[in-house]
Amino acid sequence: MPWRSASAGTAPDINPDAMIRQATKRALRKSGFELRRHRAGATYLARRMERIAAESIDLVVDVGAHAGEYAGSLRHEGYKGPILSFEPQAQMFERLRQAATSDSGWECRRQAVGSSPGSMTLHIAGNDGFSSSLLPMTEAHQQGEPSSAYVDTEEVEVTTLDAALDPGPRARRLCLKVDVQGHEAEALAGAASTLARCRIVELELGLVELYEGQALFGELVSTLEQQGLVMADVEPAFNDRQTGQLLQVDALFIRPDAAHA
């Protein structure tokens with residue numbers, strides 16, 4: 001029997017945001033983490049920008065740039081420093097390049113990022129490439145978002161972040177964003193020296209296996225902790241359209257000494 005308000009006698013309005021927050025809290029508690037409230041009224045985007053400003057970030061590395069949405073949002077919110085974006089898929093890279101055409105501080109490279117240089121097959125997803133990956137997609141992903149099914153493949157060049165940034169921009173205080181659809185562990189494996197310069201890392205974390213063989217939430221959190229980075233913020237990113245189950249979150253990691261650096 002549906003729950004009803006004792007005072008009104010009718011079922012209460014459902015708040016989707018509250019449901020998502022509760023689902024996120026439950027998922028994090030299972031992995032030993034606690035979600036805490038930030039400054040009243042601050043959005044995840046606003047909190048990200050506050051950290052970038054506070055940390056005097058001198059380079060944002062945007063891995064899995066798609067059509068430039070992430071970098072574009074940073075510019076819109078006032079970040080004026082250099083940006084280095086990586087996007088391997090040909091058609092998407094052209095859109096990325098067009099987005100950065102008039103921005104002299106935004107460099108774009110048509111490469112995937114992994115644990116070693118070479119070439120790999122990129123599986124291109126039907127949802128405008130948002131779910132394209134170097135890994136096969138699982139049934140759980142396709143059920144959660146039917147439009148994400150793969151529609152094509154493409155051979156792409158793969159580099160490592162350490163190789164791409166050395167030699168490269170002479171930045172000491174990096175913000176690294178990695179959105180590579182299940183390939184996060186490999187991208188981080190080729191970034192030991194890069195991570196040592198990172199003050200902020202933003203990572204997409206899977207709560208269930210959406211791509212075959214991907215590292216999940218706990219493993220990736222542990223990997224970054226070993227590099228001296230701890231989780232400071234989290235935002236729901238992907239829910240199953242049919243069940244509402246939370247499948248992915250975006251998380252910000254910082255160095256514990258950030259406030260004193």
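The largest pocket in this predicted model has a volume of about 910 Å³. Why can a space like this be found from atoms alone? Rolling a probe the size of a water molecule over the atoms shows where empty space is left. Here, 47 residues line the largest pocket. If you want to find its middle on screen, look for Gly 64, His 66, Phe 130, Asp 179 and Gln 181, which lie nearest the centre. Which strand gives the most to that lining? It's β9, running over residues 230–239, and it puts in four residues.

Now step back and take in the whole protein. You'll be looking at nine helices and ten strands, built from 261 residues. Buried residues account for 47% of them. On the outside, the protein exposes about 13,100 Å², and carbon and sulfur atoms supply 50% of that area. The contacts say something about how the chain comes back to itself: take those between residues at least 6 apart in sequence, and 67% of them join residues at least 24 apart.

Next, pick out one of the sheets. It's an open one with three strands, in the order β4-β6-β5, and its pairing is mixed. The edges belong to β4 (112–113) and β5 (118–125); each has a single partner strand, so one side of each is left without a neighbour in the sheet. What holds strands side by side like this? Strands of a sheet pair through backbone hydrogen bonds, either parallel or antiparallel. For β5 and β6 (residues 150–159), the direction is antiparallel, and eight bridges join the two. To line them up for yourself, start at Gly 118, which stands opposite Val 158 in β6.

Last, the cysteines. How many disulfides are there? The count comes to zero. A disulfide needs two cysteine sulfur atoms within 2.5 Å. For Cys 175, the closest cysteine sulfur is the one in Cys 198, and at 7.7 Å that is too far for a bond. Looking from the other end, Cys 198 is in no disulfide either, with the sulfur of Cys 175 as its nearest cysteine sulfur. Are these two residues buried or exposed? Cys 175 is buried, with a relative accessible area of 1%, and Cys 198 is buried too, at 0%.

Note on methods
Residues numbered from 1 in each chain as written. Predicted model: local features only at pLDDT ≥ 70, side-chain atom pairs only at ≥ 80, totals over all residues. Heavy atoms only, no water. Buried < 20%, exposed > 50% of the residue type's maximum accessible area, 1.4 Å probe, protein only. Contact = heavy atoms within 4.5 Å. Areas by Shrake-Rupley, 256 points an atom, 1.4 Å probe, with all protein chains shown as cover. Pairing = 2+ DSSP bridges. 1 Å grid on protein atoms, 1.4 Å probe; cavity = no way out; pocket = protein on both sides within 12 Å on 5 of 7 lines; lining within 4 Å. Points joined across faces, edges and corners; volume = space filled by probe spheres on them.
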